[in-house]
Amino acid sequence: MNNIEWSKLPFGYVKTHYNVRCYYRDGKWGEIEVSSDEYINIHMAATCLHYGQEAFEGLKVFTGKDGTLRVFRWDENAKRMINSAKGVVMAEPPMELFLKMLEKVVHLNKDFVPPYGTGASLYVRPMLIGTGPQVGVSPAKEYLFLIFVGPVGPYFKDGFKPVKVQIVRDVDRAAPHGTGRFKVGGNYAASLSSVVRAHAEGYGTVLYLDAKEKKYIDEAGPANFFGIKNNTYITPDSSSILPSITNMSLRQLAADMGLKVEMRPVPVEELHTLEEAGACGTAAVITPIGEITDRETGEKYTFGKEPGTVSTKLYQTLQGMQYGDIPDKFGWIHVIK
Ligand code: PLP
Ligand code: COI
């Protein structure tokens, strides 16, 4: 066992017992390997190091009241990883391999899954990298698919409390026909300078606008954006944002609660009319947004110091399903036996 103070965990790296790995060589995936090594040994000319052939995923495992371990919508993460692999021309890890490795790594690190009632969960980080050497710009012939896990607490340190967000216009995370819709490392590299600056200037994260016109909201640094007004759940439709599995789930939960759901371009000025705003994602869950400041224009949009009623209801329903307190009527939960 370990001495982790589960309810005080931040969102960060924690060393666990094992990770699982599978190599793609000679046109096929090999056997699943279990490793206790936190390091990987790769060729210095590996394409992940030079040309960004890298994709990752993020999903969570939750302990229920009765000790049942539940993973949320793993199949959507597996599909998105395949899509990201296609996006930067990497070998695609099959869905069955994804699930087998996921179950294995959770079993091997069972005592790192936070107990029920601590607010923490086990974060699962699958990653896919081009390991084969190339010096010219072309895809590798060899890949490593690896999954590691670690217990985490809230991504934004205050948890379900409104955060301050900064609109940036001088940095773009992704272009309209670029890689924004894939979960590849390059998007996060592009975001780092603005995220670090926003933190230094007192904000929880940044909000990007569409790179072409700077008229519409794209998404937050590590999460999608949504707003609530007139009994409607509104979220941006954009080719340069990550298709969030949390957002997809919230659209369904909102519709199920009787809200209208609109996925469409969201003009920045519309922020003035929103009753509630939030960021959503696996790490962020739902993080209410209290205030948005446009760094360039100085315009301020405020949504209150407490979470809104609709955001709260969505948060409680989503977390209730994930921890098993509310029945899973959509078939989103996979129990790890
Ligand atoms: N947008 C970005 C840029 C992200 O990194 C994430 C996190 O995965 C999300 C949105 C939310 O996606 P999901 O709900 O699938 O975790
Ligand atoms: C997630 O929510 O899983 C993410 O990947 C967001 C961030 C940690 C990159």
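1. Let's start with a cysteine: Cys-48 counts as buried, at 16% relative accessibility. Keep in mind as you read on that this is a predicted model.

2. Does Cys-48 have a partner, and where is the closest cysteine sulfur? That sulfur sits in Cys-22, 16 Å from the one in Cys-48, which is too far for a bond. A disulfide would need the two sulfur atoms within 2.5 Å. The structure as a whole holds 0 disulfides. Cys-280 is another cysteine that counts as buried, with 1% relative accessibility.

3. Now to the pockets. The largest pocket encloses about 790 Å³ of space, and 40 residues line it. Nearest its centre you will find Tyr-123, Arg-125, Tyr-155, Tyr-188 and Pro-222. Two or more lining residues come from each of β7 (121–130), β8 (143–152), α4 (185–200), β11 (217–220), α5 (245–256) and β15 (276–281). Of the elements, α4 gives the most, with 6 residues.

4. What is the make-up of the lining of the largest pocket, by nonpolar, polar and charged residues? The split is 22 nonpolar, 13 polar and 5 charged.

5. The second largest pocket holds about 260 Å³ of space. Its lining has 23 residues, and those closest to the centre are Gly-119, Val-285, Tyr-315, Gln-319 and Tyr-323. At least two lining residues come from each of β5 (59–63), β16 (285–294) and α6 (309–322), and β16 has the largest share, with 3 residues.

6. For a last look at the second largest pocket, its lining residues divide into 14 nonpolar, 8 polar and 1 charged.

Methods: Residues numbered from 1 in each chain as written. Chains lettered and ligands numbered in written order. Predicted model: local features only at pLDDT ≥ 70, side-chain atom pairs only at ≥ 80, totals over all residues. Heavy atoms only, no water. Buried < 20%, exposed > 50% of the residue type's maximum accessible area, 1.4 Å probe, protein only. 1 Å grid on protein atoms, 1.4 Å probe; cavity = no way out; pocket = protein on both sides within 12 Å on 5 of 7 lines; lining within 4 Å. Points joined across faces, edges and corners; volume = space filled by probe spheres on them. Helix = DSSP H or I, 4+ residues; strand = E, 2+ residues; numbered from the N terminus. Nonpolar A, V, L, I, M, F, W, Y, C, P; charged D, E, K, R; others polar.
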